[in-house]
Amino acid sequence: MNDLFKAVVDVDEEPIVICDTEHIIVYMNPVAVKRYAKSGGEKLLGKSIFDCHNAHSKEIILSVVAQFCANPDLNRVHTYTKNWDGADSDVYMIALRDANGNLIGYYEKHESRIHEADR
């Protein structure tokens with residue numbers, strides 16, 4: 001991963017888990033490694049995203065990836081809202097595309113509902 005792009009992902013205060021189109025985890029930012037420590041943390045790298053998700057989550061992931069494949073203009077889908085450590089976080093799947101618009105991967109992006117001043 002290019003150092004500049006890695007720095008963008010690593011500075012994010014919410015977990016980011018990047019997968020390829022085979023659903024293999026290729027990168028986790030430091031917050032994701034910490035957040036998912038009970039599931040294996042950095043040991044999840046190189047493994048299927050489905051190794052740490054239940055059947056319902058797998059169904060959602062596959063559905064969103066199918067939507068990304070069918071619609072090259074669709075690049076962000078809200079999947080659920082979760083309460084982490086007493087704060088609500090909206091979770092999205094984000095499409096990663098090459099210069100031709102082909103899907104090359106995706107990532108899970110959390111967006112906390114806590115206002116920056118309240119952190």
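Three salt bridges are counted in this structure, which is a predicted model. The pairs concerned are described in turn below, followed by the strand pairings, a set of side-chain contacts to the backbone, and the largest pocket.

One of the salt bridges is formed between the side chains of Asp10 and Lys6, with an N to O distance of 2.5 Å. Both residues belong to helix H1, which spans residues 3-11. Their separation of four residues corresponds to about one turn of that helix. Lys6 is classed as partly exposed, because its relative accessibility is 31%, a value that falls between the limits of under 20% for buried and over 50% for exposed residues.

A further salt bridge joins the side chains of Lys109 and Asp12 at 3.0 Å, N to O. Lys109 is located in strand E5, whereas Asp12 is found in the loop between H1 and E1; the pair therefore ties together parts of the chain that are 97 residues apart in sequence. Lys109 is a buried residue, its relative accessible area being 13%.

The side chains of Glu111 and Arg76 also meet in a salt bridge, again with an N to O distance given as 3.0 Å. This pair connects distant parts of the chain, since Glu111 lies in strand E5 and Arg76 in strand E3, 35 residues apart. Both partners are partly exposed: the relative accessibility is 29% for Glu111 and 39% for Arg76.

Strand E5 also takes part in a strand pairing. E4 and E5 are paired in the antiparallel sense through nine bridges, and within this pairing Met93 has Glu108 of E5 as its bridge partner. The two strands make up a hairpin with five residues between them, and Gly101, in the turn, adopts a positive phi of about 85 degrees. Strand E4 covers residues 87-97. Eight of its eleven residues are buried, so E4 is largely enclosed by the rest of the structure. Leu96 lies in this strand but is partly exposed, with a relative accessible area of 25%. The C-alpha atoms of Leu96 and Ile18 are 9.1 Å apart in space, although the two residues are separated by 78 residues in sequence.

A second antiparallel pairing involves strand E1, residues 16-20, and strand E2, residues 25-28, which are joined by three bridges. In this pairing, Val17 has Met28 of E2 as its bridge partner. E1 and E2 likewise form a hairpin, here with four residues between the strands. His23 is located in the turn and shows a positive phi of about 70 degrees.

Asn29 occupies the loop between E2 and H2. With a relative accessible area of 0%, Asn29 is buried. Its side chain reaches the backbone oxygen of Val9 at 3.2 Å. A polar atom of the Asn29 side chain is also positioned 3.0 Å from the backbone nitrogen of Ile16. The side chain of Asn29 thus has polar contacts with the backbone of Val9 and with that of Ile16.

A side-chain contact to the backbone is likewise found at Ser48, which is placed in the loop between helix H2, residues 30-35, and H3. Ser48 is buried at a relative accessible area of 17%. A polar atom of its side chain lies 3.0 Å from the backbone nitrogen of Phe50.

The largest pocket encloses about 500 Å³ of space. It is lined by 25 residues, of which Tyr36, Cys52, His53, Tyr80 and Glu108 are the closest to its centre. Glu108 is thus placed among the residues closest to the pocket centre and is also the partner of Met93 in the pairing of E4 with E5. Several elements contribute to the lining: E1, E2, helix H3 (55-70), strand E3 (76-84) and strand E5 (103-112) each provide at least two residues. By class, the lining consists of 15 nonpolar, six polar and four charged residues. Strands E1 and E2, which pair with one another, are therefore both represented in the lining, each with at least two residues.

Methods: Residues are numbered from 1 along each chain as its sequence is written. This is a predicted model: local features need pLDDT of at least 70, side-chain atom pairs count only at pLDDT 80 or more; totals for chains, interfaces and linings use all residues. Side-chain values use heavy atoms; hydrogens and water are left out. Two strands pair if DSSP finds at least two bridges between them. On a 1 Å grid over the protein atoms alone, a cavity is a set of points where a 1.4 Å probe fits but cannot get out, and a pocket is an open set with protein on both sides within 12 Å along at least five of seven lines; lining residues have an atom within 4 Å of a point. Grid points are joined across faces, edges and corners, and a volume is the space filled by probe spheres set on the points. Ala, Val, Leu, Ile, Met, Phe, Trp, Tyr, Cys and Pro count as nonpolar, Asp, Glu, Lys and Arg as charged, and the others, Gly among them, as polar. A salt bridge is a side-chain nitrogen of Lys or Arg within 4 Å of a carboxyl oxygen of Asp or Glu. Buried means under 20% relative accessible area, exposed over 50%, partly exposed in between (1.4 Å probe, protein chains only). A polar contact is a pair of N or O atoms within 3.5 Å; within protein, one must be able to donate a hydrogen and the other to accept it, and residues adjacent in sequence count only if both atoms are side-chain atoms.
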